[in-house]
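User: Could you take a close look at the interior of this model for me? I would like one connected account that I can follow alongside the viewer.

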Amino acid sequence: MNIYILQHVPFEKPGILEALDATIIKLYEPDYKLPNVADIDLLIILGGPMSVNDDIEWLSQEKNLILSMVEYNKPMFGICLGAQLIAKVLGSTIFQNKEGKEVGFGEIQKATNQYDFLPEKLDVLHWHGETFDLPEGSKRLYRSAYCENQAFIYNDNVIGLQFHMETTEETLKDIVEADRVYIEGNVLSNTEQSIINYEIPSQNKDILMKIIEYIM
């Protein structure tokens, strides 16, 4: 099983996903090399502070790889920026969330009566200011009070999450340390201290692994 993880910045790490036997490609390093789509059984795309609309060479290359994955009908899982990249490739517009930026922990609600392994509510880490239209042909999985499209599934083997379920105590500290300025003015009224002290729900790990298992 050839699993590849695309990491965009040093402080947004695979976290719980490190338990997978995956090859991690660090796109912020100059000698990175994207794999051939034929060699990929599952592609996981992590988050990052940049926008999918930014003019960055490796972002363009990444979009091309995602498009190839779609064309070959191969499983993909995107987190935050990763979900936005997949949505963009599927034809969605990526734009600033009109309700404001979601940063910190907050509840999301299930938006479908399908997929019994997904709970009706989840308490997850958010760290995004942009959002997207639901990609054509996809189904909404979760929404929140401030963001209608929190998660989607496409073709039953591609899932994108605006939020972070891969987070561990260690990776949470990394994100806060690197991007603490972004916490200010969030619509969830989270503070740096409340985020650091938050007890990450244990069920998030189980649900994350069930999601991976489902699309495989």
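Analyst: Happy to. Accessible areas here come from the Shrake-Rupley method with a 1.4 Å probe, and for residues only the protein chains shown count as cover. On that basis the chain exposes about 9900 Å², with carbon and sulfur atoms supplying 44% of it. Please keep in mind that this is a predicted model: local features need pLDDT of at least 70, side-chain atom pairs count only at pLDDT 80 or more, and totals for chains, interfaces and linings use all residues. Residues are numbered from 1 along each chain as its sequence is written, and side-chain values use heavy atoms, leaving out hydrogens and water.

First, the frame around the interior. The chain holds five helices and 11 strands, taken as DSSP runs numbered from the N terminus (helices H or I, at least four residues; strands E, at least two). Its C-alpha trace spans about 45 × 40 × 30 Å along the principal axes. The radius of gyration, over C-alpha atoms, is compared with a globule rule of 2.2 Å times the number of residues to the power 0.38; for 216 residues a compact globule would come near 17 Å, and the chain's 16 Å agrees. Buried residues, meaning those under 20% relative accessible area (exposed is over 50%, partly exposed in between; 1.4 Å probe, protein chains only), make up 53% of the chain. Among contacts (heavy atoms within 4.5 Å) with a separation of 6 or more, 69% join residues 24 or more positions apart.

Now the core itself. In soluble globular proteins, nonpolar side chains tend to be buried together. A nonpolar core here is a set of buried Ala, Val, Leu, Ile, Met, Phe, Trp, Tyr and Cys residues joined through side-chain atoms within 4.5 Å. The largest one has 37 residues, and L43, I45, M76, I86, W127 and I195 touch the most other members. At least two residues of this core come from each of β1 (3-7), β3 (42-45), α1 (57-71), α2 (81-89), β6 (102-110), β7 (121-128) and α3 (169-179). Beyond its neighbours within four places in sequence, M76 is in contact with residues including L43, I45, I66, M69, I86, V158 and I215. A second, separate core of 29 residues includes I16, I44, L208 and I212.

One contributor to the largest core, α2, is itself mostly covered, with seven of its nine residues buried: L81, G82, A83, Q84, L85, I86 and A87. After α2 comes G91, which has a positive phi near 105°. Over in α1, S60 is partly exposed at 41% relative accessibility, and its C-alpha atom is 10.0 Å from that of L85, 25 residues along the chain.

The loops are worth a visit too. N73, between α1 and β4 (76-79), is not a glycine yet has a positive phi of about 55°; its relative accessible area of 44% makes N73 partly exposed. N155, between β10 (151-154) and β11 (158-161), likewise has a positive phi, about 60°, without being a glycine. By contrast, N97, in the loop between β5 (94-96) and β6, is buried because its relative accessible area is 10%. Leaving aside neighbours within four places in sequence, N97 is in contact with G129, E130, T131, Y146 and C147.
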